[in-house]
Amino acid sequence: QYWVADYYFNQLQFQPAETSYKLLFQTWPQSELALEALMMAGRAAMAWSAYGNACEYFTNLTSNPNCPDELKAKALFAYGGALMRLPAADTNKLANLEEARRVFSRIKDLYPTNQQTALAWGEIGNCSLQLATEDVSYYLVASNAYQQAIASPFASVAARNQAKVGLGITLEKMAELKPAGEKAALLILARDSYLDVALENGVA
């Protein structure tokens with residue numbers, strides 16, 4: 001059954017893949033493959049934009065006391081991503097972003113040495129950057145989160161570079177809010193953050 005589900009997933013047939021993974025964990029809930037099938041059902045649902053389904057699968061994992069920490073961290077991260085993508089009215093969209101930010105914060109609090117932590121800091125920055133369109137105080141939150149991701153010893157080169165781009169965007173947005181005489185310093189910092197990525201300064 002897992003092989004069948006993987007076949008559909010690898011063929012980019014995500015709806016039947018989701019159904020097949022779901023059939024596995026519902027039919028054999030005690031199987032050693034059940035939790036991984038639950039995670040893959042969520043990934044398949046994300047791939048065809050069934051974000052509500054994905055949230056259900058991921059939260060089933062995060063609330064399961066038998067779920068290993070590594071898989072739970074991945075499920076929390078994926079749940080946060082699903083929340084960010086849930087279609088909603090403007091007010092609900094902000095609430096979803098706030099909830100996603102809380103979910104990513106749980107990762108850094110519960111699993112500080114997990115590789116997902118650096119990625120979580122980056123997503124906290126992304127959520128905050130979007131929230132800043134309604135409340136500019138979130139630009140500082142976003143800036144701090146991106147800097148945490150960049151400084152994390154667990155960050156991959158890709159994660160660090162994504163955070164540097166996010167930081168550059170945030171600094172540009174912050175510069176727009178400053179008087180003319182104060183813009184230049186922030187824009188220089190933004191430029192330097194982009195240049196670090198372009199010149200591959202983050203490559204070990």
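**Close-up views of a predicted helical model**

**Figure 1. Ser49 sits in the loop that links helix α3 (34-47) to helix α4 (51-62).** This is a predicted model, so please read each view that follows as a look at a prediction. Ser49 is worth a pause for its backbone: its phi is positive, at about 65°, although the residue is not a glycine. Most residues other than glycine have a negative phi. As for its surroundings, Ser49 counts as partly exposed because its relative accessible area is 46%.

**Figure 2. Leu12 occupies the loop between α1 (2-10) and α2 (14-27).** Here is another positive phi in a residue other than glycine, with Leu12 near 65°. Is Leu12 buried or exposed? With a relative accessible area of 61%, Leu12 is exposed; the cut-off for that class is over 50%.

**Figure 3. The largest nonpolar core brings together 57 residues.** If you would like a few landmarks, look for Tyr21, Phe25, Met39, Leu61 and Phe104, the residues with the most contacts inside this core. Helix α5 (residues 69-85) is the top contributor, giving 10 residues.

**Figure 4. Phe25 has contacts in the core and also lines a pocket.** Which residues does Phe25 contact, once its neighbours within four places in sequence are set aside? They are Ala34, Ala37, Leu38, Ala41 and Tyr57. Two of these partners, Ala34 and Leu38, join Phe25 in lining the second largest pocket.

**Figure 5. The second largest pocket holds about 160 Å³ of space.** Besides Phe25, Ala34 and Leu38, its lining includes Pro29, Gln30, Ser31, Glu32 and Leu35, together with Asn64 and Asn66. Helix α3 provides the largest share of this lining, three residues. Sorted by class, the lining has five nonpolar, four polar and one charged residues.

**Figure 6. The largest pocket has a volume of about 210 Å³.** Its lining is made of 13 residues, and those nearest the pocket centre are Phe77, Ala78, Gln116, Leu119 and Glu123. Helices α3, α5 and α7 (116-131) each supply at least two lining residues. Which helix gives the largest share? That is α5, with six residues, the helix that also gives the most to the largest nonpolar core. By class, the lining divides into seven nonpolar, two polar and four charged residues.

**Figure 7. Lys108, in helix α6 (residues 90-110), touches residues further along the chain.** Leaving out residues up to four places away in sequence, Lys108 touches Thr117, Trp121 and Ile124. The C-alpha atoms of Lys108 and Ala120 are 6.8 Å apart, although 12 residues separate the two along the chain. Lys108 is partly exposed, since its relative accessible area is 21%.

**Figure 8. Cys55 and Cys67 are in no disulfide.** How many disulfides does the model contain? The count comes to zero. For Cys55, the nearest cysteine sulfur is that of Cys127, 12 Å away, whereas a disulfide calls for two cysteine sulfur atoms within 2.5 Å. Cys55 counts as buried, because its relative accessibility is 10%. For Cys67, the nearest cysteine sulfur is that of Cys55, at 16 Å. Cys67 is buried too, with a relative accessible area of 4%.

Key: Residues numbered from 1 in each chain as written. Predicted model: local features only at pLDDT ≥ 70, side-chain atom pairs only at ≥ 80, totals over all residues. Heavy atoms only, no water. Buried < 20%, exposed > 50% of the residue type's maximum accessible area, 1.4 Å probe, protein only. Core = buried A, V, L, I, M, F, W, Y, C linked by side-chain atoms within 4.5 Å. Helix = DSSP H or I, 4+ residues; strand = E, 2+ residues; numbered from the N terminus. Contact = heavy atoms within 4.5 Å. 1 Å grid on protein atoms, 1.4 Å probe; cavity = no way out; pocket = protein on both sides within 12 Å on 5 of 7 lines; lining within 4 Å. Points joined across faces, edges and corners; volume = space filled by probe spheres on them. Nonpolar A, V, L, I, M, F, W, Y, C, P; charged D, E, K, R; others polar.
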